[in-house]
Amino acid sequence: PAQFAPDGSLWVLRTGPADALPSYDVLDREGRLTRRVIVPARGRVVGFGARSVYVSVRDDDDLQYLQRYAMP
């Protein structure tokens with residue numbers, strides 16, 4: 001899955017080994033890789049605010065928690 005942030009950057013979920021932490025490639029408007037963002041285990045980016053990224057994290061009981069982080 002891929003999502004656009006309010007600044008126009010594209011966040012693309014990377015694939016990898018099952019035990020690796022989820023990570024996203026962040027591409028600028030020109031398609032250049034600007035950063036790689038790693039989210040907590042069992043987490044996924046679900047949205048963006050003006051200066052925030054929202055991550056949903058599942059615990060061992062499959063309950064989901066919404067966490068907000070400052071935009072990197």
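**View 1. W11, a buried tryptophan.** In this predicted model, W11 keeps a relative accessible area of just 1%, so it counts as buried, the cut-off being under 20%. Its place in the chain is strand β2, which covers residues 10-13.

**View 2. W11 meets Y24.** The rings of these two residues form an aromatic pair, with 6.3 Å from centre to centre. Stacked, edge-to-face or tilted? At 55° between the planes, this one goes down as tilted. The partners come from distant parts of the chain: W11 belongs to β2 and Y24 to strand β3 (residues 23-27), 13 residues apart. Y24 is buried too, because its relative accessible area is 5% and the limit is under 20%.

**View 3. The ring cluster.** How many aromatic pairs does the structure hold? There are two, and ring pairs tie W11, Y24 and F48 into a cluster.

**View 4. The largest nonpolar core.** Zoom out from the rings and W11, Y24 and F48 turn up again, now among the 11 residues of the largest nonpolar core. A5 is in there as well, along with a run of valines: V26, V37, V39, V45, V53, V55 and V57. Which elements give two or more residues to this core? They are β3, β5 (43-48) and β6 (52-58), with β6 supplying the largest share, three residues. As a rule, nonpolar side chains in soluble globular proteins tend to be buried together.

**View 5. Around V57.** This core member has plenty to show once its neighbours within four places in sequence are set aside. On one side of it in sequence, V57 is in contact with P40, A41, R42 and G43; the other contacts are L63, Q64, Y65 and Q67.

Terms used: Residues numbered from 1 in each chain as written. Predicted model: local features only at pLDDT ≥ 70, side-chain atom pairs only at ≥ 80, totals over all residues. Heavy atoms only, no water. Phe/Tyr/Trp six-rings, centres within 6.5 Å; stacked < 30°, edge-to-face > 60°. Helix = DSSP H or I, 4+ residues; strand = E, 2+ residues; numbered from the N terminus. Buried < 20%, exposed > 50% of the residue type's maximum accessible area, 1.4 Å probe, protein only. Core = buried A, V, L, I, M, F, W, Y, C linked by side-chain atoms within 4.5 Å. Contact = heavy atoms within 4.5 Å.
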